[in-house]
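Thank you for letting me take a few minutes of the meeting. Please look at the chain on the screen while I go through some of its helices and one of its hairpins.

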Amino acid sequence: NISFPQDVNLLNEARENLEGIAGDLCRRSGHRVPRMYRRNARKDYLNLARCKKRTVKKIRKAIKQQLQYIRRDRKYIDALLDAGCRLTPKQAKRLAVIDKVFEQQKYMYENKVHSVPDRIVSISQPYIRPIVRGKAAAPVEFGAKLDLSLDEKGMARIEKLSFDAYNESDVLIAATERYYERTGHYPERILADKIYRNRNNLSYCREHGIRLSGPALGRPKKNAGTDKKTEYRDNADRVAVERAFALAKQKYGLGLITSRLDKTTRCSIALSVIAMNVDRLCRSLLRLFYDIVFSRYKQHEFMLILIQNNSLKKLACC
């Protein structure tokens with residue numbers, strides 16, 4: 001849950017944070033607040049923010065102005081620190097993030113580029129990175145990237161969680177080995193996307209007798225001896241994983257993470273998956289309970305037993 005990162009907005013937020021830190025240092029130490037031209041800086045930012053047609057020349061001019069304001073405010077803070085002022089741990093951490101944002105934005109402005117390694121897109125959440133997905137609706141996504149697996153019982157597990165972009169195909173072997181540690185045997189089949197079907201994963205599955213569903217690598221052969229029925233069943237069963245992602249986003253809070261810190265964000269993601277597993281387990285227990293009771297009693301006898309034994313509360317607890 002972050003605003004779309006724009007260079008001018010990011011620099012304006014960094015400038016406002018520096019002004020707040022400088023004012024707090026002066027209040028706590030008794031020094032005079034330096035003249036930082038806040039109104040002029042705000043006016044220069046609004047000249048672009050309220051502009052309907054943003055040309056490259058206007059954007060570069062606004063970025064240059066904000067960089068100059070940040071450089072001057074940073075000198076004021078250094079002078080206050082030399083005079084004996086002390087930063088709080090939170091201010092020191094925020095100041096380090098702003099310094100890195102300034103270096104990245106200055107590099108992109110001077111070299112006329114729009115990308116830099118480990119680019120910061122949010123000052124309050126510096127651990128978030130842009131991940132290029134290439135989708136039509138959202139070419140670039142911001143947030144955590146995770147690999148989710150479902151076993152034969154429908155239980156979901158987070159195989160890998162990272163805020164940096166990574167290649168998903170490297171997760172398959174590690175996830176399979178963890179499955180072997182839990183169950184004592186390798187799975188009969190693995191239903192995955194095409195990106196997981198590289199040579200290393202295919203050779204690994206071939207050595208352990210695992211069927212990795214999907215088309216073969218290379219040019220399609222004319223007389224390929226594939227079982228169409230098995231391929232169709234694997235492709236249909238693979239939809240369960242995609243359905244689990246949609247269910248976690250729509251019903252269990254995975255679609256909008258509002259936490260700020262890195263640790264709390266990871267906990268929110270893990271709790272969403274745990275809640276989905278608990279709900280599935282409760283549904284399975286209720287289904288088993290219904291099957292056992294209905295197989296022994298008729299429907300009217302079943303309702304009579306529930307009322308006599310006062311089991312409605314127990315059923316709600318399940």
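Which helices do the buried residues of H3 pack against? Before I answer, let me say that what you see is a predicted model, and that its protein chain has eleven helices and six strands. Buried residues make up 33% of the 318 residues in the chain, and among the contacts with a separation of 6 or more, 55% are between residues 24 or more positions apart.

Now to the answer, which is that the buried residues of H3 pack against H1, H2 and H4. H3 covers residues 56-82, and its buried residues are Ala62, Ile63, Gln66, Leu67, Tyr69, Ile70, Asp73, Arg74, Ile77 and Leu80. When you read such a list, it helps to remember that an α-helix has 3.6 residues a turn, so residues three or four places apart point the same way. We can also check the length of H3, because at 1.5 Å a residue its 27 residues should span 39 Å, and its end C-alpha atoms are indeed 39 Å apart, which agrees. After H3 comes Gly84, which has a positive phi near 115°.

Let me turn to the partner H4, which covers residues 89-111 and packs with H3 at an angle of about 145°, the two axes being 11 Å apart. The crossing in which H3 passes H4 is left-handed. On the H3 side the contact is made by Arg60, Ile63, Lys64, Leu67, Ile70, Arg71, Arg74 and Ile77, and on the H4 side by Leu95, Asp99, Phe102, Gln105, Lys106 and Tyr109. Sorted by class, this contact has seven nonpolar, one polar and six charged residues.

The same length check works for H4, because its 23 residues, at 1.5 Å each, should span 33 Å, and the end C-alpha atoms are 34 Å apart, which agrees. The buried residues of H4 include Leu95, Val97, Ile98, Val101, Phe102 and Met108, and what covers the buried residues of this helix includes H1, residues 7-29, as well as H3. Following H4 we find Lys112, where phi is again positive, near 55°.

Next, a single residue of helix H2, which covers residues 38-49, and that residue is Asp44. Is Asp44 buried or exposed? Asp44 counts as buried because its relative accessibility is 18%, under the limit of 20%. Leaving aside neighbours within four places in sequence, Asp44 is in contact with Gln65, Gln66 and Tyr69. Its C-alpha atom is separated by 9.8 Å from that of Ile63, which lies 19 residues apart from it along the chain.

Finally, the hairpin, where strand E3, residues 145-150, pairs with strand E4, residues 156-162, in the antiparallel sense over six bridges. Within this pairing, Ser149 stands opposite Arg157 of E4. There are five residues between the strands of this hairpin, and Gly154 takes a positive phi near 85° there. If you follow either strand on the screen, keep in mind that in a regular strand the side chains alternate between the two faces of the sheet.

Methods. Residues numbered from 1 in each chain as written. Predicted model: local features only at pLDDT ≥ 70, side-chain atom pairs only at ≥ 80, totals over all residues. Heavy atoms only, no water. Pairing = 2+ DSSP bridges. Helix = DSSP H or I, 4+ residues; strand = E, 2+ residues; numbered from the N terminus. Axes fitted to C-alpha atoms, helices over the stretch in contact; angles between N-to-C directions. Left-handed = near helix turned anticlockwise from the far one by under 90°. Contact = heavy atoms within 4.5 Å. Nonpolar A, V, L, I, M, F, W, Y, C, P; charged D, E, K, R; others polar. Expected span 1.5 Å × (residues − 1). Buried < 20%, exposed > 50% of the residue type's maximum accessible area, 1.4 Å probe, protein only.
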